[in-house]
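Good morning, colleagues. Please turn to the sequence and the structure as they appear on the screen, and I shall then go through a few local features.

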Amino acid sequence: MKEKTLSIIKPDGVSRNLIGKVIDCIENAGLKIASGKMIKMTKDQAKGFYRIHEGKPFFDSVTDFMSSGPCIVMVLEGDSAISKYRELMGSTDCKQAAEGTIRKLYGTDIEKNVVHGSDSQDTAAFEIGYFFNGLEIMAF
Ligand code: ATP
Ligand code: MG
């Protein structure tokens with residue numbers, strides 16, 4: 001089934017010049033980039049984005065990290081895009097990520113893991129709407 005998912009190249013990926021490499025992985029996996037832009041979140045915007053994690057021990061740190069510099073936010077589209085992109089990213093902790101995944105190739109630790117991807121249809125809808133309006137998204 002054709003799906004849309006939200007992808008973010010996190011501040012560590014942008015500052016380490018990994019934008020092209022991440023996009024290469026995405027395109028090589030057959031996913032289409034339906035929209036994309038560079039943004040810099042405020043702390044409050046990062047807290048709103050990761051609000052599902054409010055109260056967890058890493059919440060303050062991850063929202064500091066996500067608001068520390070520019071990110072690339074993208075809408076990806078393709079067959080089973082949500083699970084396909086999660087697989088392509090690899091485990092949250094890059095040390096446990098499978099060979100060939102973006103986090104294994106480029107991640108530094110459990111927090112600075114280069115990329116974000118929506119984990120369900122509900123979160124994809126919320127997360128895409130958080131950054132994009134319908135007019136900004138291409139239909140393939
Ligand atoms: P994302 O939502 O960014 O795609 P994920 O779904 O693999 O990642 P989540 O459990 O949703 O993982 O955590 C969100 C983000 O919070 C992680 O990607 C990571 O940057 C950070 N994070 C998660 N767990 C930890 C932890 N134990 N310590 C530090 N940071 C963490
Ligand atoms: Mg998550």
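Aspartate 64 has a relative accessibility of 41% and therefore counts as partly exposed. This is a predicted model, and the values I quote are computed from it. Aspartate 64 forms a salt bridge with lysine 43, in which the closest N and O atoms are 2.9 Å apart. The two residues belong to distant parts of the chain: aspartate 64 sits in helix α4 and lysine 43 in helix α3, 21 residues apart.

Lysine 43 also forms a salt bridge with aspartate 60, and here the closest N and O atoms are 2.8 Å apart. Since lysine 43 lies in helix α3, residues 43-49, and aspartate 60 in helix α4, residues 59-66, this pair ties together parts that are 17 residues apart in sequence. Are these two partners buried or partly exposed? Lysine 43, at 24% relative accessibility, counts as partly exposed. Aspartate 60, at 48%, counts as partly exposed as well.

Let me widen the view to the salt bridges of the structure. How many does the structure hold? There are seven salt bridges. One of them is formed by glutamate 77 with lysine 4, with 2.7 Å between the closest N and O atoms. Glutamate 77 is in strand β3 and lysine 4 is in strand β1, so this pair ties together parts that are 73 residues apart in sequence. The accessibilities of the partners are as follows: glutamate 77 counts as buried, because its relative accessibility is 5%, whereas lysine 4 counts as partly exposed at 33%.

I come now to an acidic residue without such a partner. Aspartate 12 is located in helix α1, which spans residues 11-15. Aspartate 12 is buried, yet it has no salt bridge. Which side chain of opposite charge is nearest to aspartate 12, and how far away is it? It is that of arginine 16, at 4.4 Å. A salt bridge requires a side-chain nitrogen of Lys or Arg within 4 Å of a carboxyl oxygen, so a separation of 4.4 Å does not qualify. Leaving aside residues up to four places away in sequence, aspartate 12 touches Phe65, Lys112, Asn113 and Val114.

Next, helix α2, which comprises residues 19-28. Its buried residues include Val22, Cys25 and Ile26. They lie on the same side of α2, because they cover an arc of only 100 degrees around the axis. Against what do the buried residues of α2 pack? Their partners are the strands β1 (2-9), β2 (32-39), β3 (71-79) and β4 (115-117), together with the helices α5 (81-89) and α6 (102-106). Just after α2, glycine 30 adopts a positive phi of about 90 degrees.

My last item is cysteine 94, which is found in the loop between α5 and α6. With a relative accessibility of 7%, cysteine 94 counts as buried, because buried means under 20%. Which residues does cysteine 94 touch, once those up to four places away in sequence are set aside? They are Arg103, Lys104, Gly107, Thr108 and Asp109. Cysteine 94 and lysine 112 are 18 residues apart along the chain, and their C-alpha atoms are separated by 8.7 Å. Lysine 112 was mentioned earlier, among the residues that aspartate 12 touches.

Thank you for your attention.

How values were computed
Residues numbered from 1 in each chain as written. Chains lettered and ligands numbered in written order. Predicted model: local features only at pLDDT ≥ 70, side-chain atom pairs only at ≥ 80, totals over all residues. Heavy atoms only, no water. Helix = DSSP H or I, 4+ residues; strand = E, 2+ residues; numbered from the N terminus. Buried < 20%, exposed > 50% of the residue type's maximum accessible area, 1.4 Å probe, protein only. Lys, Arg positive; Asp, Glu negative; His and termini not counted. Contact = heavy atoms within 4.5 Å. Arc of directions from axis to C-beta.
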